[in-house]
Structures are given as structure tokens and as C-alpha cells.
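Q: I am new to this structure and would like a close look at a single part of it. Could you take one helix, explain how its sides differ, and then follow its contacts outward?

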Amino acid sequence: MSMLDARTLAAQLRHPHGEAALAVGESMNRSNGELNRAAITLLAVAPGEQVLEIGPGNAAYAPLLLQADGSRYLGIELSTAMVDAGNHHLAGAGLADRAALRHGDAHALPVADASVDAALAVNTLYFWPNLAPVLGELARVLCRGGRLCLAFGDAGFMRSLPFAADFQLHELDAVELALRVSGFNVSAWRSHRETATGNDGQSRDKHFHLLLAHRR
């Protein structure tokens, strides 16, 4: 990962592919671990719920979303390499009967209307130039009262990352407004901060937002 230039790294984070795909997936798991766990805690999956994750990579954190009895998981992932790796991981964890990854795009989710109880998207907003179409799709597939947790980097922090130069950065208030317009009520906000060493070897103070919203 440290050998990739900023533009190549950005393209891999958007869509892991080729020989670097598996390494990119593992690197994302390491760098996003604390944020994923915070988002999963906030989402609080209940027994029997159907969970949808957008852009789960190789589904490393799916087992944490499946701790509630009878819960079920579907991950929608743009990268076919991650779909294959994720389904292999889920099978190895004995979860193939309750969980699966499927190739797809968040702008046109291959999911039935009102069939999801809880949805999660961690560090994926940067690849949605316009929030409305994706949030509209999430509103479509979530049942009334269903929950959506969005976790994303603070725009000011993200501007300090060389590989994020071409990302679409969304301010917190803009995301909250887009959620309301798309049929959600924002019910909780959390600030998540951590210090970590990046792929360039520099130590950075990382700042993320977590939003929990309910489908009206």
C-alpha cells in the first residue's frame, strides 16, 4: 500500500481491483477498524433483523453485525474481487447461511423495497458525488422506522490526506440536510477521533462523524 501513489491509492480505495485488491482490502480493515466498531455499536442490530452494508470490502466486520440471534446480513460491493474474498471469509466463519456479499452499485441497489431493518455505510460517502440518489435508494429498501448509520471523515480532516484530493467531501450539515430531504430523521450524532499512522508513515489525528437516522 505504501508503494502506491496518491491517485492510484484513491482509485483502489474506490474500487479495489487487480493484483493489489486483496492487500487494499486488508489495509482498509486495519485503518477503519475502530470506526467500524463504533458504527456497529451505534447501529445496534437487534435479533432477527436484516442488515445491509454498503461497500463492506471483504466483509471483515460482518460477524460483529451478526451477533444478535437470527440476524441476517447482505453486503453490496462494487468490487468483484472483494465480493469473492468476502464470501470466502463468511463461509470460513460459518456464516454462509446468514450472510452474503453481492456485486452491485449503491445508486441502484439490488434489494427489494422495505426489506431491510438496519443499514450501514462506513467511509463510502466520498464516492457519492450526489448524496440524493443513494440516500433515496436506502430510503426505498429500509422499512419504516428502519435505521441507517453513516460514518465518514470530517471534510477538514479529509482535505489533509493526499489520496483524497479527488474524493467528494461532504460537510456534516450537508449530510444531515440530505438525510432529512430523503425521508430520514437524524436521531444521533457521534464524533469519533483517533490517532494513527497513515500509509505515508505520518501520524495523523483522524476525525470522523457518525450519524444515525431513522426512515420516516
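**One helix and its surroundings**

A: On helix α8, the face turned away from the buried side carries the exposed residues Asp173, Leu177 and Val181. Here buried means under 20% relative accessible area, exposed means over 50%, and partly exposed lies in between, with a 1.4 Å probe and protein chains only. Helices (H or I, at least four residues) and strands (E, at least two) are DSSP runs, numbered from the N terminus. The model is predicted, so local features need pLDDT of at least 70 and side-chain atom pairs count only at pLDDT 80 or more, while totals for chains, interfaces and linings use all residues. Residues are numbered from 1 along each chain as its sequence is written, and side-chain values use heavy atoms, with hydrogens and water left out.

Within α8, which spans residues 172–181, the buried residues are Val175, Glu176, Ala178 and Leu179. Because these four cover an arc of only 160° around the axis, they sit on the same side of α8; the arc is that of the directions from the helix axis to the C-beta atoms. Just after the helix, Gly183 takes a positive phi of about 105°.

The buried residues of α8 pack against α6 (131–141), β5 (142–153), β6 (184–197) and β7 (203–215), where contact means heavy atoms within 4.5 Å. Of these neighbours, the strands β5, β6 and β7 belong to an open sheet of seven strands, ordered β3-β2-β1-β4-β5-β7-β6 with mixed pairing. The edge strands of that sheet are β3 (99–103) and β6, each of which pairs on one side only; two strands pair if DSSP finds at least two bridges between them.

The other neighbour, α6, lies across β1 (50–54), β4 (116–122), β5, β6 and β7, and runs at about 145° to β5. For such angles, axes are lines fitted to C-alpha atoms, for helices over the stretch in contact, and the values run from 0 to 180 degrees between N-to-C directions.

In β7, which the buried side of α8 packs against, lies Ser203. Ser203 is exposed, with a relative accessible area of 55%, and it touches Thr195, Ala196 and Thr197, not counting residues up to four places away in sequence.
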